[in-house]
Every structure is written in C-alpha cells, then in structure tokens.
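Open the model in your viewer and switch to a cartoon view. This tour goes stop by stop: what to select, then what is there.

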Amino acid sequence: MDLKTTRDNYNDTFAELALEKKLEKEEERLRKRIKIKQTQSLCKELDAEIDHSSTAAEEDTSDIDSGSSSISPKTKDKATFIQKTIYEDAEELHNRYKQNDDLSPCERKRMCAGLSGILDTADDSYHGQKELFNTDKWDFITKHYSQFTKMFLDVKPHSNLDVLYKTWDSVYGTLSKNHSYFKARQAFNYISIQSDIDEHTFKQLQIIDFFLDTLDSKQFIINPKDATKVTEKDYESQIWIPLFTRLFNIKNNNIRIKSGESVPPESTKKKAEQYGTDKNIIGFKIDFRLVFDYKELEIDLASAEVSVSSANEAKERHDESKLVREAMISTEAIHHILKSQGYVYTWAIKICGLTATFSSLMYDDERMIYVNVHQFILYFPTCISELEDLKDDLEMMFKFKEDVERIGYKIEKSLKRSERKGRNVCPSPERKPAPCLFTYFTPPRNEAHRSIIPINNNTL
C-alpha cells in the first residue's frame, strides 16, 4: 500500500468519525426538541381525551369481562386515546369480517392497521383512520407528526453534489437545445471521464446516465399511453431497482437490494405466533427490500411494494396494508437492537407505476403506537420537459440514501458494542420485550371465520 493510499484511507476514516459525531449530536438535539414539543402540546390535549375515554370504558366493563374483547380493563387504562380509538374500531370491523367477510378495501386496511397498533397519518383519504377522529383532532394529530416530515426536508445532504448539479445543468442544456438523448449522453460521457473526477463522484454521475438511458431506451415502459401493457415486474426490474442500485452503490456499505418477493424471517415468526397450528406458514412477501447485512443477520431498513398504475382499489389498499405492517415489524426489530428511547423507524416505499411514495414507519414511545408518516413523492420523468426539476429529485434521493445509511450505521455500531460486551446480537422479538406485542395477519382467502386477533391469541 503506497503513501497516497494510506493517506486517503486515513482521511476517509477521519471524515467518517467526524460525520458520526456530528450526526449523533444533531439527532440528539432534534430528538430532545421534539420530546419537549410533544410533552407541551400533544400530550395535554390527548390526555384529556384519555381521561374521558377511560370513564366511558369503565362504564362498559361488563362487555369486557364477558370476554367480548381481547383487551383487558388494565390494558385499556394504560392505552392512549389514539391507540384505543383505532383498536376499538378495528375490533368492530373484525367482528364483521369474521361473520360475513364483506369489508370494503379501505375498511379491511383500517382493520389490519388498527389491530396492529398502527396509526396511518400518510393515508388522508376519508375512509381511512381519518374518519375515526373529528376534523380538528385529526388535523392536530397529523400536524404533530408532520414534524418528522419537516425534519427530513430541512436536512441538507451531507454528500457534495456540486459536480453532480453542474454536470446535469450542462447535460440538460444540451438536451434542451438538440432534443437528442444521444447528444446529451455524448456531453455526459465527455464530462464524466475528466481526470479530476474521482471514483465517488463518478459513481454519483452514473445516476444522470441512468435517467438519460432509460428515457432513450425504455420509452415503451415510461410512455403513459402504453401503461396498460406494462407489468409490475417491468416497473420493478427496469425502472426502480436499477435506480436504487445505482444510488446505494455510490458508497461501499453493507446495504443491498433484495428482490423477488422475498419473505423477511421476522414476518414469518410473527404470523406463526398468530396461526401456530397451521402448516407451511409464510409471512409477507415483499417485492423488494433494502437490507443491512451484519454477519449472519439480515436487517430490513426499507420495504417496497410495486403495482401498475391501473391497479384496482382492492390491490392498492392490500399492498399499502401489507407494506405498513411489514415496516412495523422491521421497526420493531431495529428498536430491539438499538434499545432506543427515542424515535426509531424504517422506510416504506409504495410504488404505483412511475410514482414512488416514501413514508417512514416510526415507533412513538410516548403514545405507544406505530405511526406511518408521509415524507415525499418521486415521479419518474417520462419526457425531456419533465427532466427540468431533476435536481430537486436528486436531492431528495440523496437525502433518502443518507438516512438509510445512517440507520444502518447506527445498527452496526450497536451490534458491535453488544458483541464487545458479550451480548446476544440477534434482533428477534422473541428474545426481548417488544414495544408492541401484536401484528395482525389475515387468514387464507375465503377463511375469514378463522381470523384471530393476536394480542392474546384468542379466537373471537
């Protein structure tokens, strides 16, 4: 190893350590700020509702004692107002589901989320959980959790994107003038092979080449007129996975893409807890996942579901429901690893054709619920005019990339610390108390009567 290589490695290590300390301080400062705001605002108003709801619950203890509910009076006393509201609605829907299996797609999604302790603020549709709260209260709740969206949007990428932006300005100028992807790619290739372009910057620039190549050679997929002829696999394998691959290949790390409707082990374990007597139990099949590898462990940082733009409502709601519950299981596993008292989350990516909606599934330890919070939407461009705002999209993608890498780095650091102390590093929920004791899975198709509410594994 020559002196230059040794010096570069030293500088990289020093830069990573400096960034780590900066991120830790920044995260701690933001966490404390949010905690203070939450204590001063949300808790005051919602606790008043809890007192009111607890009184109503005490008046209804005869139904609870008779076994019609899987929540004991003690659990009801501890539950928050939001938690009780979404759970009790889900119980009522579950009773209907078992008897007649006649729920609408929105009601079925609401039942699955409520029975899993998930508040989906990213779903602002009228028939979602929004209808369980009056307008003022729902606006108050969503405004509170929108802090986490603001946190993400306000943070600037740590990566130096100056060369990326300048290159795109030059390439887009050529493209706008000549309306030729060939000429634009010629201009790009000339810039990317300059001697002052290092390896890291060169990998960044490949994202520009990917957009140019896709618009040039994949017109059949990206042309909206042909959307009905395109399959989910086309969108997944030719648009989105290549984009994420280039994004996460910029920096060598242990984050990789796992595709092919893979099943996270924790998902199967959770389903087995609910339907333990069944044979061949399989958890949620996820279209593709961003996983962090640490020795034999495979830890999910983001889950993605893909559908065509012409998918019906039942398919859309089913994918959304499955996605948030899988993200919840991933968040729970990371919560065990980090042993965090702050806000732990993973990413959920709902892809519909050429549109990707990003949300974070976080665990709110104050409210004792999981919350799905909308973050941003990425529209894949279909023509030259839509490339005008690509720099804004690039910034959002790099923010997302760095946030996923940050979570992976925190996990690696925590696991290494546990190893040094001789602790078991397995993140399985079976080994440690979980922040939430249940995840709801529907039974096989046409067998709604076998559905089980998993909190106590009691068939209702």
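Two strands count as paired when DSSP finds at least two bridges between them. Keep in mind throughout that this is a predicted model.

**Stop 1: the sheet**

Select the strands. Seven of them form an open sheet with mixed pairing. Read across in the order β1-β7-β6-β5-β4-β3-β2. Now colour the two edges, β1 (118–120) and β2 (255–262). Each edge strand pairs on one side only. Look along the sheet for the twist: neighbouring strands are turned by 25° against each other on average, direction ignored.

Strands of a sheet pair through backbone hydrogen bonds, either parallel or antiparallel. The next selections show both kinds.

**Stop 2: from the β2 edge inward**

Select β2 together with β3 (residues 286–294). In which sense do β2 and β3 pair? The pairing is antiparallel, over six bridges. For one rung, pick R256; its bridge partner in β3 is V291.

Add helix α11 (residues 232–248), which packs on the sheet. Its contacts are with β2, β3, β4 (297–307), β5 (344–352), β6 (355–364) and β7 (369–379). The direction of α11 makes about 165° with that of β2.

**Stop 3: β5 and its two partners**

Move to β5. Eight of its nine residues are buried, so show it with the surroundings on, as the strand is mostly covered. On one pairing, six bridges join β4 to β5, and the two run parallel. Pick S303 and you find A348 as its bridge partner in β5.

On the other pairing, β5 and β6 run antiparallel, joined by nine bridges. Here T346 has L361 as its bridge partner in β6. Follow the chain from β5 into β6: the two form a hairpin with two residues between them. Stop at G353 in the turn, where phi is positive, about 65°.

**Stop 4: helix α4**

Select residues 81–100, helix α4. How far apart are its end C-alpha atoms? They are 29 Å apart. At 1.5 Å a residue, the 20 residues should span 28 Å, so the two values agree.

Buried here means under 20% relative accessible area. By that cut-off, 14 of the 20 residues of α4 are buried, so the helix is largely enclosed by the rest of the structure. Step one residue past the end to D101: its phi is positive, near 50°.

Stay in this region and show the side chains of R96 and D102. They form a salt bridge, with the closest N and O atoms 3.7 Å apart. R96 is partly exposed, at 31% relative accessible area. D102 is partly exposed as well, at 43%.

**Stop 5: more salt bridges**

The whole structure has 35 salt bridges by the distance rule used here. Pick R185 and D209 next. Their closest N and O atoms are 3.2 Å apart, and they form a salt bridge. R185 lies in helix α8 (residues 181–192) and D209 in helix α9 (residues 199–217), so the pair ties together parts that are 24 residues apart in sequence. Is D209 buried or exposed? D209 is buried, with a relative accessible area of 15%.

Then select K109, D120, D123, E313, R317 and E320 as a group. These residues are linked in a network of salt bridges.

**Stop 6: helix α14**

Select residues 390–420, helix α14. Its 31 residues should span 45 Å at 1.5 Å a residue; the end C-alpha atoms are 45 Å apart, which agrees. The helix is mostly covered, with 22 of its 31 residues buried.

Within α14, show K416 and E412. They sit four residues apart, about one turn of the helix. They form a salt bridge, the closest N and O atoms being 3.5 Å apart. K416 is partly exposed, at 37% relative accessible area, whereas E412 is buried, at 19%. After α14, look at G422, whose phi is positive, near 75°.

**Stop 7: the cysteines**

A disulfide is a covalent bond between the sulfur atoms of two cysteines. How many disulfides does a search of the whole structure find? The search finds zero. Two cysteines to visit are C112 and C383. C112 is buried, at 2% relative accessibility. C383 is partly exposed, at 28%.

Note on methods:
Residues are numbered from 1 along each chain as its sequence is written. This is a predicted model: local features need pLDDT of at least 70, side-chain atom pairs count only at pLDDT 80 or more; totals for chains, interfaces and linings use all residues. Side-chain values use heavy atoms; hydrogens and water are left out. Axes are lines fitted to C-alpha atoms, for helices over the stretch in contact, and angles run from 0 to 180 degrees between N-to-C directions. Contact means heavy atoms within 4.5 Å. The expected span of a helix is 1.5 Å times one less than its number of residues. Buried means under 20% relative accessible area, exposed over 50%, partly exposed in between (1.4 Å probe, protein chains only). A salt bridge is a side-chain nitrogen of Lys or Arg within 4 Å of a carboxyl oxygen of Asp or Glu. A disulfide is a pair of cysteine sulfur atoms within 2.5 Å.
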